[in-house]
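Visitor: I should like a close look at a single part of this structure, the largest cavity. Which residues line the largest cavity, and which elements supply them?

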Amino acid sequence: MKDQPDLKLLATFLAVVEHGSMAAAAATLGYVPSAVSQHVAALERDLDVELLVRRPGSRLVLTGAGRSLARAAGELFEATARFRDAADGIARREVAELRVGAYPSAVSHLFPGVLSALRPRERGVRVRLIIVETHAGLPRVRSGDLDLLIAYRYLPEDPPTASAELALTSLGHEPLVLVAGPRPGRRPLALEDCLDREWTSGLTHSPDRRLLHRWAGELGVSPEVTLETEDLHSMLAMIRAGLAVGWIPATLLDGERGERGERGDAGVQRVVLPPGSAPLSREVLAVSRPGTRPPVADELVALLTRALRGVRA
């Protein structure tokens with residue numbers, strides 16, 4: 001065994017572990033599959049141990065040694081990311097590329113205008129934008145794979161939370177709007193008109209589903225969720241078709257335009273809430289490692305904050 005691990009081989013091995021196949025790891029790393037296979041074989045020779053069980057036509061299986069190495073290598077790369085952060089802080093240099101992760105509706109409804117205003121390429125900075133949900137993006141911030149994550153949380157006790165590994169900046173609260181399919185001749189549509197209809201929300205233990213139950217419990221109502229999905233655009237499509245009632249982030253509604261180009265509500269009807277019923281929202285946050293945000297990231301955060309303020313309830 002070599003005295004020092006080959007970091008390139010370890011990185012390839014971790015990519016295989018994460019994606020479950022040589023081909024998927026090769027696509028992510030920009031290698032050909034044979035090169036990935038050679039890297040893993042070279043690592044096994046260096047360590048004199050089998051790391052992966054290869055079965056034709058099936059997913060690769062980690063051996064006990066492979067699982068131990070994956071954990072150790074993950075810790076090594078996290079430590080390397082922290083060292084890189086410290087070195088960057090000392091150098092105080094601008095970055096050539098900013099890797100930003102964001103949830104899908106932020107990418108489709110907030111980022112186009114924000115990036116047009118920022119114009120990073122004119123300043124020699126490339127923003128690499130990656131669509132990723134909050135739960136999947138947080139480990140990538142910790143490991144250094146993402147420089148910045150635009151995340152959300154429906155309930156204050158939910159992640160992300162500030163820690164020694166994560167710094168949070170609140171961009172504000174995005175309003176949620178209760179909507180149903182259009183019903184000509186019946187306006188305004190009241191909540192009591194919707195209680196006997198089917199509702200759509202996230203899966204049973206998802207944050208938006210728990211927020212729905214908390215809200216319903218405070219009002220003493222029991223909406224029946226029969227259409228479960230984590231995809232907001234699918235949720236909106238079902239509501240627009242008159243199949244369900246549900247809470248939708250306002251960016252999805254405010255970002256749609258009618259046939260004449262005017263801003264509309266994406267072909268849905270807003271439900272009038274009972275007097276005294278508190279409006280719902282989800283908090284939008286910028287997540288990074290402490291002390292690592294370059295100036296261009298701070299500018300991006302400021303522009304996103306401004307864009308979020310412009311979203312109408």
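**The largest cavity and its lining**

Guide: In this predicted model, 14 residues line the largest cavity, and those nearest its centre are Y154, S201, D208, L212 and W247. Two or more lining residues come from each of four elements, namely the strands β8 (198-201) and β10 (245-249) and the helices α8 (207-219) and α9 (232-240). In terms of class, ten residues of this lining are nonpolar, three are polar and one is charged. The space within the largest cavity amounts to about 110 Å³, and the structure holds one cavity of 30 Å³ or more.

The largest pocket may be set beside this cavity. The space in that pocket is about 790 Å³. Its lining consists of 19 residues, with L14, E18, F77, S143 and D145 the closest to the pocket centre. The helices α1 (7-19), α2 (22-29), α4 (64-91) and α7 (134-143) each contribute at least two residues to the pocket lining. Among the contributors, α4 provides the largest share, with six residues. The classes represented in the pocket lining are seven nonpolar, six polar and six charged residues.

To return to the part requested, the lining of the largest cavity contains one charged residue and ten nonpolar ones, while that of the largest pocket contains six charged residues and seven nonpolar ones. Around the cavity centre, the residues to inspect in the display are Y154, S201, D208, L212 and W247.

Key. Residues numbered from 1 in each chain as written. Predicted model: local features only at pLDDT ≥ 70, side-chain atom pairs only at ≥ 80, totals over all residues. Heavy atoms only, no water. 1 Å grid on protein atoms, 1.4 Å probe; cavity = no way out; pocket = protein on both sides within 12 Å on 5 of 7 lines; lining within 4 Å. Points joined across faces, edges and corners; volume = space filled by probe spheres on them. Nonpolar A, V, L, I, M, F, W, Y, C, P; charged D, E, K, R; others polar.
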